[in-house]
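Subject: Structure for your review

Dear colleague,

Please find below the structure that I am handing over to you. My findings follow it, and I would be grateful if you read them with the structure open.

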Amino acid sequence: MALTCKTQLPTQKLGVPLQFFFFKDGSALGLSWNNSSELQITALKRKDSGSYWCEAQAKGLKVIRSRRIQIDVQGVPVYNVSLATQPPGGHVMEGEKLALVCVATGGTGDITFRWYRGALGLNLGAKTQPSLTAAFEIPAVSEQDTEAYYCAADNGYGPSLSGLVSIAVRIPVSQPVLTSRAPRAPPVVGDAVELHCEAGSGSPPIRYQFFLEDVPLGSSSAPFGGGASLNLSLTSEHCGNYSCEADNGRRAPRSEPVPLCVAVPAADRESPTPPILEGLLGGFGLTVMALFFCCWLKRKVGRRPAKDPPRSPPSPPPREFTYVNATAPVQQQPLYENVNVVSGGEVYSLVYHMQQERRSAAAPSLRTQTQDKDPSAIYSGVKTASSSDDDYEDAI
């Protein structure tokens, strides 16, 4: 707004310089007289309404005052007020900052903004500033701050209210716990195992991610809270440490690892040697060892010293034996004998092939401290030679 002070001087005073002063409601609008006849008010406010006049003075002349004029500044009421949130959407994690931004589309002058909580209108705070926007901040929200909010803006024509905005404060998820369910322990290849992950606290929805070591296995969601499961058909590669993560928007803590090993079914293992075959192989091995021992002994005693000339072997003395599987003594039939001159601590061996009759069904079974021998087997007896033993030549 521009105010101009106009004067009319006598013709004889047209060249005399003038000075001016402006007033509003009895108060001077300036510090001193000014050579300019115009006053500029760049931004009108409602408080600029009032009664204005001016004065002019020429050197050697008296002060001349203008008539008063009334100026009424008409303000524009605030309109179209709305409430926005930061972060947007009205969803915020517990502990985060929440900003309630009150915005007016139009209005003049200084505007007073106020924020309210709940249907009862609990006043949270107020700000007055020559702006169409103002914000109120909650530094760290808690679960109790979950509520509906609104704001109001007023520039002297009455408050204009925003609509209600609901704020949902979400609780971060706690560290989840992973459990496994299998039909047996330990599970085997082909078993169906259920992995169940659940966080003790946290606002839904919650997304669960499953891992074997650090390799993702799959994910599942719990839209209304609680836990989620993942089913696996086990293979031989499913042995290791399993874990899971829970995420509801802010952070994703991981569970403690759970080891799970897969056993190989008995049908897949290499079949062991049958006991009968083991016995046969064992008996055959003993026979072969006895034959090797006899051959070795034969070669050794065959290299006797020259001072011990060979002598004709007398017939070995008959010996009687008792057999636990026979009802009467059975004569042993020598398979071969390995006999030579005995000197010092040398030994000789006799190997027999025993032929034995079947025992009568009525004959009682005799037991000794040794186990019954197979009548078709070959056995060897090794004796230490004494000075009374006779020298024998090799004979079969």
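The side chain of arginine 170 comes to 2.9 Å from the backbone oxygen of proline 204. Please bear in mind that this is a predicted model. A polar atom of the same arginine 170 side chain also lies 2.7 Å from the backbone oxygen of asparagine 248.

Arginine 170 belongs to strand β16, which covers residues 165–170. Is arginine 170 buried, and what is the nearest side chain of opposite charge? Arginine 170 is indeed buried, but it has no salt bridge. The nearest side chain of opposite charge is that of aspartate 247, at 7.5 Å; a salt bridge would require the side-chain nitrogen to be within 4 Å of a carboxyl oxygen. Apart from neighbours within four places in sequence, the residues in contact with arginine 170 include His91, Val92, Met93 and Glu94. Ser203, Pro204, Pro205 and Asn248 are also in contact with arginine 170.

A second point concerns strand β10, which spans residues 98–106. Seven of the nine residues in β10 are buried, so that the strand is mostly covered. Strand β10 pairs with strand β8 (residues 79–86) in the antiparallel sense, over seven bridges. In this pairing, serine 82 is opposite valine 103 of β10. Strand β10 is also joined to strand β13 (residues 133–138) by six bridges, and these two run antiparallel. Here valine 101 stands opposite alanine 135 of β13.

Yours sincerely,

A colleague

Definitions and conventions: Residues numbered from 1 in each chain as written. Predicted model: local features only at pLDDT ≥ 70, side-chain atom pairs only at ≥ 80, totals over all residues. Heavy atoms only, no water. Buried < 20%, exposed > 50% of the residue type's maximum accessible area, 1.4 Å probe, protein only. Helix = DSSP H or I, 4+ residues; strand = E, 2+ residues; numbered from the N terminus. Pairing = 2+ DSSP bridges. Lys, Arg positive; Asp, Glu negative; His and termini not counted. Polar contact = N/O pair within 3.5 Å; in protein donor to acceptor, adjacent residues only side chain to side chain. Contact = heavy atoms within 4.5 Å.
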